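Here are my notes on this one, in the order I'd look at things. Pull up the model alongside and follow along.

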Amino acid sequence: YTIVSVVMDDGQLINKESAEVAVALRHHGKLGELNVQRSFDWIKNTSQRLSMVLQKIISCTSAHQHWRVRLELVSLSGYLLAKCSKSLEECTGSFLGALVGAINDEEASVREKSNRVLKEIAVSSQANNCQAFTDLLSENLHGLSSSLPQLMRTADDQQKFFVLSVYLGYLKVLGSQVAVMLNSAVHLKR
């Protein structure tokens with residue numbers, strides 16, 4: 001995941017200086033051919049491709065039997081949320097879902113790391129006066145609440161346990177804001 005952050009780091013998003021360097025490198029023959037212009041189209045296309053792979057990784061590893069795999073998933077989610085939240089915006093909900101799901105993990109180190117990462121994200125979003133963190137958590141909880149009956153009918157026992165664990169994690173993280181979300185017009189309509 002370090003390679004992904006090097007390529008998709010929010011600090012690497014296109015700016016004047018990088019555009020000037022790209023123009024200068026075009027005149028250097030073979031070296032200029034290796035340079036990638038990080039235009040908005042390139043970022044969007046690369047983000048879409050990476051999001052498919054990352055979401056597949058998250059879905060395969062979030063309920064994995066071995067705790068070290070789940071711990072690495074928490075590390076991946078926290079690291080990429082910290083470094084690439086703007087460029088990998090499509091994955092933010094999946095990363096948060098993986099972190100929230102790990103709050104109730106049976107392994108203490110996974111629980112502790114997940115709690116620590118979520119607190120760091122909450123603090124940084126509050127420092128930036130950003131309501132997106134709680135909005136995204138509320139949106140994810142709403143989506144999970146809507147699909148919960150179907151998941152309980154069709155999933156096997158291990159998946160049911162994981163889904164309920166994730167649901168409990170959302171309730172823990174959102175705390176008193178759950179009442180506001182549950183009383184929203186959209187949720188009451190369903």
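Which residues lie nearest the centre of the largest pocket, and how many line it?

1. Largest pocket, who lines it. Keep in mind throughout that this is a predicted model. The lining runs to 23 residues, and L81, S85, T92, I121 and S125 are the ones nearest the centre. The space inside comes to about 660 Å³.

2. Largest pocket, where the lining comes from. Four helices each put in at least two residues: α5 (67-84), α6 (92-101), α7 (108-127) and α8 (132-154). Of these, α7 has the largest share, with seven residues. Sorted by class, the lining is ten nonpolar, seven polar and six charged residues.

3. Second largest pocket. Here the volume is about 500 Å³, and 20 residues make up the lining, with I58, S62, L144, F162 and V166 nearest the centre. Two or more lining residues come from each of α4 (40-61), α6, α8 and α9 (157-174). The largest share is five residues, from α9. If you're thinking about electrostatics, note the class split: eleven nonpolar, nine polar and no charged residues.

4. The nonpolar core. The largest one has 36 residues, and L80 and F95 touch the most other members. Helices giving two or more residues to this core are α1 (2-8), α4, α5, α6, α7, α8 and α9. The top contributor is α5, with seven residues.

5. F95 up close. Skipping sequence neighbours within four places, F95 is in contact with L54, I58, L76, S77, L80 and L81. A few of those names have come up already: L80 is the other residue touching the most core members, L81 is among the residues nearest the centre of the largest pocket, and I58 is among those nearest the centre of the second largest pocket.

6. G93. This glycine sits in helix α6. What does G93 contact once neighbours within four places in sequence are left aside? L136 and N140. With L136, the C-alpha to C-alpha distance is 6.6 Å, although 43 residues separate the pair in sequence.

7. Confidence. The chain's average pLDDT is 80, and 79% of residues score at least 70. Where is confidence lowest, and where is it highest? Helix α2 (residues 16-25) is the low end, at a mean of 51, while α5 is the high end, at 90. That same α5 is the helix giving the most residues to the core, and it also supplies at least two residues of the largest pocket's lining.

Notes:
Residues numbered from 1 in each chain as written. Predicted model: local features only at pLDDT ≥ 70, side-chain atom pairs only at ≥ 80, totals over all residues. Heavy atoms only, no water. 1 Å grid on protein atoms, 1.4 Å probe; cavity = no way out; pocket = protein on both sides within 12 Å on 5 of 7 lines; lining within 4 Å. Points joined across faces, edges and corners; volume = space filled by probe spheres on them. Nonpolar A, V, L, I, M, F, W, Y, C, P; charged D, E, K, R; others polar. Contact = heavy atoms within 4.5 Å. pLDDT = per-residue confidence, 0-100. Core = buried A, V, L, I, M, F, W, Y, C linked by side-chain atoms within 4.5 Å. Buried < 20%, exposed > 50% of the residue type's maximum accessible area, 1.4 Å probe, protein only.
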